[in-house]
Amino acid sequence: MSGKSRAQKGRDKKGRVAKKVVPVEQPRKISSILDRPRLAQEGARPEDGVQDMTILSDLDEFGINTNLRTRYHNDLIYTYTGTILVAVNPYRQLGIYEQEMIRRYSNRKMTEVPPHIFATAESAYYYLEHSDRNQSCIISGESGAGKVCKQTNKQT
């Protein structure tokens with residue numbers, strides 16, 4: 001917690017208006033390549049299938065596609081570019097949306113766990129709860145790319 005605080009009005013036991021100073025919790029800092037100078041200097045190869053493409057030595061169309069393809073072939077459909085989550089539709093069930101995965105990503109920073117939509121959701125929820133700013137998620141993709149999650153409940 002930082003040294004910042006704010007005044008909060010309330011009433012004491014006798015009903016008088018009283019001010020008290022309460023500490024303000026600062027939002028978690030999101031890691032960036034600037035925080036990792038060794039990686040920024042060395043870079044990483046797209047063939048390695050890195051989790052965050054900001055550390056790629058060649059951040060161009062070929063490097064991005066190679067990195068995404070490498071991860072896709074290892075059933076790793078989520079990849080970060082900074083705080084942006086890139087998803088590649090696997091066109092099959094991978095079992096990555098089960099209750100265990102929800103627990104794994106709950107109350108964790110994006111930098112503590114592998115890329116996943118749950119990490120993005122957890123981060124947005126954290127900042128919604130701990131900052132005075134609205135949060136939004138933009139989901140973009142071509143028609144038929146898998147932006148919609150369909151859940152069916154079959155009863156027998």
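## The S3–S4 hairpin

Four bridges join strands S3 and S4, and the two run antiparallel to each other. This pairing belongs to a predicted model, so please read everything below as a description of a prediction. If you want a place to start on the hairpin, look for Tyr78, which has Ala87 of S4 standing opposite.

Then follow the chain to the turn. Two residues lie between the strands of this hairpin, and Gly82 takes a positive phi near 70° there.

## The chain as a whole

Stepping back, you will find four helices and four strands in the chain. Read from the N terminus, the elements come in the order β-β-α-α-β-β-α-α.

How much of the chain counts as buried? The figure is 25% of its 156 residues. The chain exposes about 12,200 Å², and carbon and sulfur atoms supply 50% of that area. As for contacts between residues at least 6 apart in sequence, 32% of them join residues at least 24 apart.

## The largest nonpolar core

Eleven residues make up the largest nonpolar core. Among them are Ile77, Tyr78, Tyr80 and Leu85, together with Ile96, Met101 and Tyr105. Met110, Val113, Phe118 and Ala119 belong to this core as well. S3, H3 and H4 are the elements that give two or more residues to it.

Met101 is a handy residue to click on here. Leaving aside residues up to four places away in sequence, Met101 touches Ile96, His116 and Phe118. Two of the residues just named, Ile96 and Phe118, are also listed in the largest core. Apart from this core lies another one, of six residues, which include Ala44, Val50, Met53 and Leu68.

## Helix H4 and what covers it

Helix H4 covers residues 117-130, a run of 14 residues. From its first C-alpha to its last it reaches 20 Å, close to the 20 Å expected at 1.5 Å a residue.

Which residues of H4 are buried? They are Phe118, Ala119, Thr120, Glu122, Ser123, Ala124, Tyr126 and Tyr127. Their cover includes strand S3 (78-81), strand S4 (84-87) and helix H3 (99-105). The hairpin strands S3 and S4, which we met at the start, are thus part of what lies over the buried residues of H4.

## Around Asn67 and Thr54

Asn67 sits in helix H2, which spans residues 61-73. Is Asn67 buried or exposed? With a relative accessible area of 0%, Asn67 is buried. Not counting residues up to four places away in sequence, Asn67 touches Pro46, Gly49, Val50, Met53, Leu56 and Thr79. Val50 and Met53 are also among the residues of the six-residue core.

Thr54 has its place in the loop between helix H1 (37-42) and H2. Thr54 counts as partly exposed, at 28% relative accessibility. Along the chain, Thr54 and Ala44 are ten residues apart, and their C-alpha atoms are separated by 9.2 Å.

## Salt bridges

Side chains of opposite charge can pair when their charged atoms come close. How many salt bridges does a search of the whole structure find? The search finds four, and three of these deserve a visit, beginning with Asp75 and Arg92.

The side chains of Asp75 and Arg92 meet in a salt bridge, at 2.3 Å from N to O. Because Asp75 lies in the loop between H2 and S3 while Arg92 lies in the loop between S4 and H3, the pair ties together parts that are 17 residues apart in sequence. Asp75 is partly exposed at 38% relative accessibility, and Arg92 is partly exposed with a relative accessible area of 49%.

Asp48 and Arg45 also meet through their side chains in a salt bridge, with 2.9 Å from N to O. Asp48 is partly exposed, its relative accessible area being 43%, and Arg45 is partly exposed with a value of 49%. Glu112 forms a salt bridge with Arg108, and here the closest N and O atoms are 3.2 Å apart. Glu112 counts as partly exposed at 42% relative accessibility, while Arg108 is partly exposed with a relative accessible area of 32%.

Technical notes: Residues are numbered from 1 along each chain as its sequence is written. This is a predicted model: local features need pLDDT of at least 70, side-chain atom pairs count only at pLDDT 80 or more; totals for chains, interfaces and linings use all residues. Side-chain values use heavy atoms; hydrogens and water are left out. Buried means under 20% relative accessible area, exposed over 50%, partly exposed in between (1.4 Å probe, protein chains only). Contact means heavy atoms within 4.5 Å. The expected span of a helix is 1.5 Å times one less than its number of residues. Two strands pair if DSSP finds at least two bridges between them. A nonpolar core is a set of buried Ala, Val, Leu, Ile, Met, Phe, Trp, Tyr and Cys residues joined through side-chain atoms within 4.5 Å. Accessible areas come from the Shrake-Rupley method with a 1.4 Å probe; for residues, only the protein chains shown count as cover.
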